[in-house]
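Please look through the sequence and the model shown below before reading on. The report that follows takes up a few of its parts in turn.

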Amino acid sequence: MIELKKTTKPQSLINNGDNWTNDLMTEYYNTGIVNKSKQNKYNKPDIKQAIISETKEKCAYCESKVTHIYPGDIEHIIPKAIYPRLTFNWNNLTLGCFWCNNKKRDFLSKECMLLNPYRDKTNEHLRAFGPIILHINSSKRGEITWRKLELNRPELRDKRLEKIEELQTLIDKFNAEDIIALKTLIENEILDFINRSEFSFSLKQFYDDNKNVA
């Protein structure tokens with residue numbers, strides 16, 4: 001789970017977000033029931049495209065490349081079933097894969113919140129040990145995040161390992177190269193690979209742990 005930054009609010013939310021929220025919440029306060037058809041108005045193409053762009057097409061939680069095999073879900077970081085007033089809050093929307101979305105569902109523990117990749121420094125709570133992600137510094141929020149989302153489920157570990165093996169080939173070239181100009185080019189290639197690939201969190205940690213290792 002890498003740290004993410006919010007991009008510009010999509011135009012449909014600028015134009016309609018407040019009205020959608022007022023309409024939804026007025027009916028909710030009057031009836032005690034969330035009108036699903038009104039709540040689902042966030043499913044707009046510009047909103048979906050904006051979150052795909054800011055997450056680089058990756059699940060905000062496990063970093064799988066969502067759009068390779070699945071359109072992806074507009075994920076509510078704070079569940080809309082519990083806090084319907086946050087349904088159209090741009091800061092509460094991100095991209096989730098089918099598996100993380102279903103692991104998380106409407107889970108919310110005020111005592112120990114899941115990490116928010118837009119607000120939290122994830123590397124203060126989680127660390128990658130090869131293809132495995134675990135909590136550090138006795139972080140209960142880190143622990144509840146990887147356990148609840150099952151960030152070490154077998155298919156994720158296998159996919160992370162494949163990417164780590166690709167990265168290792170580049171690291172071997174980097175460590176073996178003596179010519180500074182070539183070494184710089186290889187390092188730039190490594191950094192680009194880490195940035196654009198799935199599982200950047202694990203790859204960056206692996207690179208930091210293994211560069212310049214004889």
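## A first helix, a helix pair and a loop residue

Just after helix H1, Gly 32 takes a positive phi of about 75°, in what is a predicted model. Helix H1 itself covers residues 11-31, and because its 21 residues at 1.5 Å a residue should span 30 Å, the 30 Å between its end C-alpha atoms agrees with that expectation. H1 nevertheless has a kink of about 50°, centred on Gly 17. Gly 17 is also one of the buried residues of H1, which include Trp 20, Thr 21, Leu 24 and Met 25, and what covers the buried residues of this helix includes helix H2, helix H3 and strand E2.

The elements named as part of that cover are set out here.

| Element | Residues |
|---|---|
| Helix H2 | 36-39 |
| Helix H3 | 45-54 |
| Strand E2 | 93-96 |

Further along, the axes of helix H6 (residues 154-176) and helix H7 (residues 180-196) come within 9 Å and cross at roughly 165°, so the two helices are roughly antiparallel to each other, an angle over 145 degrees being counted that way. The crossing of H6 and H7 is left-handed, and where the two helices meet, the residues of H6 include Leu 167, Leu 170 and Phe 174, while those of H7 include Ile 186, Ile 190 and Phe 193.

Leu 114 lies in the loop between helix H4 and strand E3, and it counts as buried because its relative accessibility is 14%, the cut-off being under 20%. Leaving aside neighbours within four places in sequence, Leu 114 is in contact with residues including Phe 107, Arg 141 and Ile 144.

Key
Residues numbered from 1 in each chain as written. Predicted model: local features only at pLDDT ≥ 70, side-chain atom pairs only at ≥ 80, totals over all residues. Heavy atoms only, no water. Helix = DSSP H or I, 4+ residues; strand = E, 2+ residues; numbered from the N terminus. Expected span 1.5 Å × (residues − 1). Bend = angle between axes of the 7 residues up to and from the residue. Buried < 20%, exposed > 50% of the residue type's maximum accessible area, 1.4 Å probe, protein only. Contact = heavy atoms within 4.5 Å. Axes fitted to C-alpha atoms, helices over the stretch in contact; angles between N-to-C directions. Parallel < 35°, antiparallel > 145°, perpendicular 65-115°, else oblique. Left-handed = near helix turned anticlockwise from the far one by under 90°.
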